[in-house]
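Here are a few exercises to work through with the structure open beside you. Try each task before reading its solution.

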Amino acid sequence: MKIIVLLKMVPDVVEELEVAADGQTLDTEFLRLIANELDNHALEEALLLKEKYSGTVTVVALDAPEVDDALFTALAKGADQALKITDGDSAPSTLSGAYRLAQALSTVPGLLPVDLILTGAQAIDDLDGMTSPLVAHFLRLPQLGIITQVSVNSVAGVATVLREFPGGVRGEYEIQLPAVLGIQAAEKPPRYVPVSRVQVAMKSRVIESVHVPTAADGGVGLSPVEEMLKPEVTEHAQMLQGSPEEVANQLCEVLAGRGLL
Amino acid sequence: MAGNVWVLAEHWRSKISDITYELLALGKEVATNIGAELQAVLLGHEVRELAQSLGAANSVLYLDHVALANPVPESFAQALASAIRARKPRAILIPLTNVSWEIGTLLAAQLEVGYINACKDVRLVEGKLQVRSVLYGGKMEALVNPAQSTAILGILPGARPADHGRAATVPMLEEVTVDLAETSSVQLKRYLEPEPGDIDISKQEVLVSVGRGIQSRENVRLAEELAGALGGAVCGSRPVIDQGWLPLSRQVGKSGAVVKPKLYVAAGISGAPEHVEGMKNSDLIIAINSDPQAPIFNVARYGITADAIDVLPALTEMVRSRKKEAKSRAA
């Protein structure tokens, strides 16, 4: 079975985010990029499927700062091939990024046909769409998102997948292959790979750079961001100060006052 | 009629979703501001009677097709795309829930217009529509003016109170013909009900909820001890469930439970929109997080900038000794 995983670099929100001087984008000076969390789940699900059914996992990402680290980590975890799409927009939107990824998949020799394309069900910077349905749209493939389980019947050419619904209910769907799946959570937490193994991968493996000419955004005019800003706060929490014991004491006063003790 | 405001009337398992009423309340404001009518768009198969509760809209467009019997985003997007081409609404508000998740993205792609994701507000500013989109796990917001004739907006839960979108009047219904293939390459086979948990967290009066900041499975015990001292239960946000540190039945948020306890202690939870939608209506929210910028502090009543694993044991200790004192006083 052949699986492609689409990986996207996004700002690490553990770091403080600031608005750039243009007032419309993030200040990149102190920005640290990491692989989108749910894309890591997509990679994990792909590796689990490879272990179960055998086959290959190819990870494809648009060029971005720190992307090599993410791709070498994917190789160290068990991916067979890593591809970096170069010469693009330095900060593509989800839509233009998905368009370029779809273009790369259909023009780079040897990538298609494929059985499954997996990516995260969402990314924290999705402003103008989600990668999974967009890539499916551009490649004219069926898709489904918010997936937490995948099993494949290659003979019938279908996958059976579970999609999350509200309240812990899950829907079991059958989807024809090839298909694009937006992964919400892999069946196991993404595997940990020690830095030493990533370093080995950096020495022994290669990331293939593929030039795909920058294209328009798939014919869609994007609505520009007028302003980016920190959330408007109507009521910020009253912050309690002091040692753990001191704040515990203050909290107990609050709880007692409300009859919760 | 051109230029109207549409709301996708989401329903699931024979019931109109609460978010549909939230969107009707928001849509009514937008329609009034731009001098247009509000129309609910109901897609499904043999669900005509669901239109009766959509009276906050001026009218309901009803699209009935066997391919719309179950949530298959592609079919819903296709049906909406042809209706939008024919009627050219000014905007369509689409719920951003697990039921309707990809419909907005697919719809916009099919129509070749822009889509704006994760909107929490839509207003008329200086004669132009302006939406506020939530980005980076709630740490930033973007103001966007939708450029195209039909603005396709994915709206987060909680944009307006659902009660503002309920009305007793029965709306006018217009049936719209839909042309879709009978079969789809994506088919719902069945629903799997959640395995019953040991407790129903939506019925607890006190919840101690843990997020990524709890750092390890072992540390979940710290929250359990506090919950025990307070007479409540432990629950968690998505990353904790995905790690397998708590069972799925304890998940609060988009795919889990919506809870409204008297006390919700959020320990090491950043406050991403997917979590906040499940707990923001709790009576009292106390948040402990080491990141002073964490969005959870924007919904909490009291906040502590600290490591949850330091504060939880101290609080448990204090609660226990207070309760002991109270007991000995009573005796």
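**Exercise 1. Find how strand 15 of chain B pairs with strand 16 of chain B: how many bridges join them, and do they run parallel or antiparallel?**

Start with strand 15 (residues 263-267) and strand 16 (residues 284-289), both of chain B: five bridges join them, and the two run parallel. To see the register, look at B:Leu263, which stands opposite B:Leu284 in strand 16 of chain B. Keep in mind throughout that this is a predicted model.

Now widen the view to the sheet. Six strands form an open sheet with parallel pairing, in the order 13(A)-17(B)-16(B)-15(B)-13(B)-14(B). Finally, check the edges: strand 13 of chain A and strand 14 (233-236) of chain B each have a single partner strand, so one side of each is left without a neighbour in the sheet.

**Exercise 2. Describe the contact between chain A and chain B: how many residues does each chain give, and about how much area is buried?**

Take the residues to begin with: 82 come from chain A and 78 from chain B. Then turn to area. The two chains bury about 7500 Å² between them, and 61% of this is on carbon and sulfur atoms. On the chain A side, A:Leu127, A:Met130 and A:Glu172 supply 8% of the area buried against chain B, more than any other three residues.

Next come the polar links. Between the chains there are 33 residue pairs in polar contact, counting residues at pLDDT 80 or more. Which element of chain A gives the most to the side that touches chain B? That is helix 6 of chain A, with eleven residues. By residue type, this side of chain A divides into 43 nonpolar, 19 polar and 20 charged residues.

**Exercise 3. Find a salt bridge and a strand pairing that cross from chain A to chain B.**

The rule finds five salt bridges across this interface. In one that you can inspect, A:Glu37 is joined to B:Arg212, with the closest N and O atoms 3.0 Å apart.

For the strands, go to strand 12 of chain A and strand 9 (residues 140-144) of chain B, which run antiparallel and are joined by four bridges. Within this pairing, A:Val225 has B:Val144 as its bridge partner.

**Exercise 4. Decide how the rings of A:Phe165 and B:Trp12 are arranged.**

A search of the whole structure finds five aromatic pairs over all chains. For A:Phe165 and B:Trp12, the ring centres are 5.2 Å apart and the planes are at 5 degrees, so the pair is stacked. Now place the partners: A:Phe165 lies in the loop between strand 8 and strand 9 of chain A and B:Trp12 in strand 2 (residues 11-12) of chain B, so the pair joins two chains.

**Exercise 5. Look for backbone geometry worth a second glance in chain A.**

As background, most peptide bonds are trans, and most residues other than glycine have a negative phi.

- The bond from A:Leu112 to A:Pro113 is cis, with omega near 0 degrees. A:Pro113 sits in the loop between helix 3 (94-107) and strand 6 (116-120) of chain A.
- The bond from A:Leu177 to A:Pro178 is cis too, with omega near -5 degrees. A:Pro178 is in the loop between strand 9 and strand 10 (179-183) of chain A.
- A:Arg140 has a positive phi, near 55 degrees, and is a residue other than glycine. Its place is in the loop between helix 4 and strand 7 of chain A.

Key:
Residues numbered from 1 in each chain as written. Chains lettered and ligands numbered in written order. Predicted model: local features only at pLDDT ≥ 70, side-chain atom pairs only at ≥ 80, totals over all residues. Heavy atoms only, no water. Contact = heavy atoms within 4.5 Å. Buried area = accessible area lost by both parts, 1.4 Å probe. Salt bridge = Lys/Arg side-chain N within 4 Å of Asp/Glu carboxyl O. Polar contact = N/O pair within 3.5 Å; in protein donor to acceptor, adjacent residues only side chain to side chain. Nonpolar A, V, L, I, M, F, W, Y, C, P; charged D, E, K, R; others polar. Pairing = 2+ DSSP bridges. Phe/Tyr/Trp six-rings, centres within 6.5 Å; stacked < 30°, edge-to-face > 60°.
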